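Colleague: I am new to this structure. Please take a close look at one part of it and describe how that part is put together with its surroundings.

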Amino acid sequence: MAYELPPLPYPNNALEPHIDATTMEIHHDRHHKAYVDNLNKAIAGNTALESKSIDDLVKAISSSVPDAIKGPVRNNGGGHWNHSFFWRTIGPKAGGAPTGKLADDIKAAFGSFDDFKAKFEAAGIGRFGSGWAWLVVNGGKLEIVSTGNQDNPLMGKSVAGVEGTPVLGVDVWEHAYYLKYQNKRADYLKAFWNVVNWNEVAKNYDAAK
């Protein structure tokens with residue numbers, strides 16, 4: 001099998017009370033696993049795709065994935081990449097605010113940390129249906145964008161409608177929050193700030209720069 005489900009880097013209940021253990025169990029063990037399983041089925045026998053890292057695979061959606069499997073690879077490869085990224089950028093004993101260069105550049109780009117949070121939440125709330133909100137580096141600058149379904153900015157503008165290197169992302173599919181927050185996506189997005197691992201986000205930012 002080309003791809004494997006990465007283990008959560010913390011227990012299912014580690015993000016409570018902000019994200020409950022049952023949601024984490026279903027989200028990781030079932031939803032994320034399904035993306036990995038279905039991706040492997042889609043590319044089975046295509047050694048060129050099976051040998052790619054997940055980063056390279058999602059970047060290659062428009063250029064190297066055959067049309068016959070482009071849809072399944074886009075949806076399930078995106079789901080695998082997005083969730084693997086998501087688990088790393090949230091965690092226990094997290095939250096607060098960024099520091100250092102990331103904090104300075106967020107303030108420069110968005111006016112203040114509070115202004116950034118408001119704009120990021122608005123991107124998540126404004127995404128109709130299922131999708132993601134992202135903080136990305138694009139052309140050396142920080143931007144907030146959103147994508148539908150399991151698209152991500154690495155796929156490029158021709159596929160995802162946006163581009164850039166993700167630094168932070170939040171899942172706004174209902175399966176990410178519905179058990180605890182029901183239809184209150186805005187409440188989930190406000191709670192999200194309590195679990196953001198800013199040290200990991202800063203590493204992503206340094207790498208993207």
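Modeller: Two strands count as paired if DSSP finds at least two bridges between them. The model is a predicted one, and the part I will take is the sheet, followed by the helices that lead on from it.

By that rule, three strands make up an open sheet, with antiparallel pairing and the order β2-β1-β3. The edges are held by β2 (141-148) and β3 (165-171); each has a single partner strand, so one side of each has no neighbour in the sheet. From one strand to the next, the twist averages 20°.

Take the pairing of β1 with β3. Strand β1 covers residues 131-138, and six bridges join it to β3 in the antiparallel sense. One position to look for is Trp134, which stands opposite Gly169 of β3. Helix α5 packs on the sheet, where it touches both β1 and β3, and its direction makes about 85° with that of β3.

Now follow α5 itself. This helix runs over residues 67-89, 23 residues in total, and its first and last C-alpha atoms are 32 Å apart. The span expected at 1.5 Å a residue is 33 Å, so the helix comes close to that value. Even so, α5 has a bend of about 35°, located at Val73.

Besides the sheet, α5 has a helix to consider. Two packed helices are described by the angle between their axes and the distance between the axes. For α5 and helix α11 (residues 198-208), the axes come within 8 Å and cross at roughly 125°. An angle of that size makes α5 oblique to α11. The residues that meet are Phe85, Arg88 and Thr89 from α5, and Glu200, Val201 and Asn204 from α11.

Helix α11 also packs with helix α6, which spans residues 100-110; here the angle is about 80° and the axes are 9 Å apart. That makes α6 roughly perpendicular to α11. On the α6 side of this contact are Lys101, Leu102, Asp105 and Ile106, and on the α11 side are Trp198, Val201, Ala202 and Tyr205. Val201 of α11 is thus among the residues that meet α5 and also among those that meet α6.

To retrace the path: α5 touches β1 and β3 in the sheet, α5 crosses α11, and α11 packs with α6.

How values were computed
Residues are numbered from 1 along each chain as its sequence is written. This is a predicted model: local features need pLDDT of at least 70, side-chain atom pairs count only at pLDDT 80 or more; totals for chains, interfaces and linings use all residues. Side-chain values use heavy atoms; hydrogens and water are left out. Helices (H or I, at least four residues) and strands (E, at least two) are DSSP runs, numbered from the N terminus. The bend at a residue is the angle between axes fitted to the seven residues ending there and the seven starting there. Axes are lines fitted to C-alpha atoms, for helices over the stretch in contact, and angles run from 0 to 180 degrees between N-to-C directions. Contact means heavy atoms within 4.5 Å. Angles under 35 degrees count as roughly parallel, over 145 as roughly antiparallel, 65 to 115 as roughly perpendicular and the rest as oblique.
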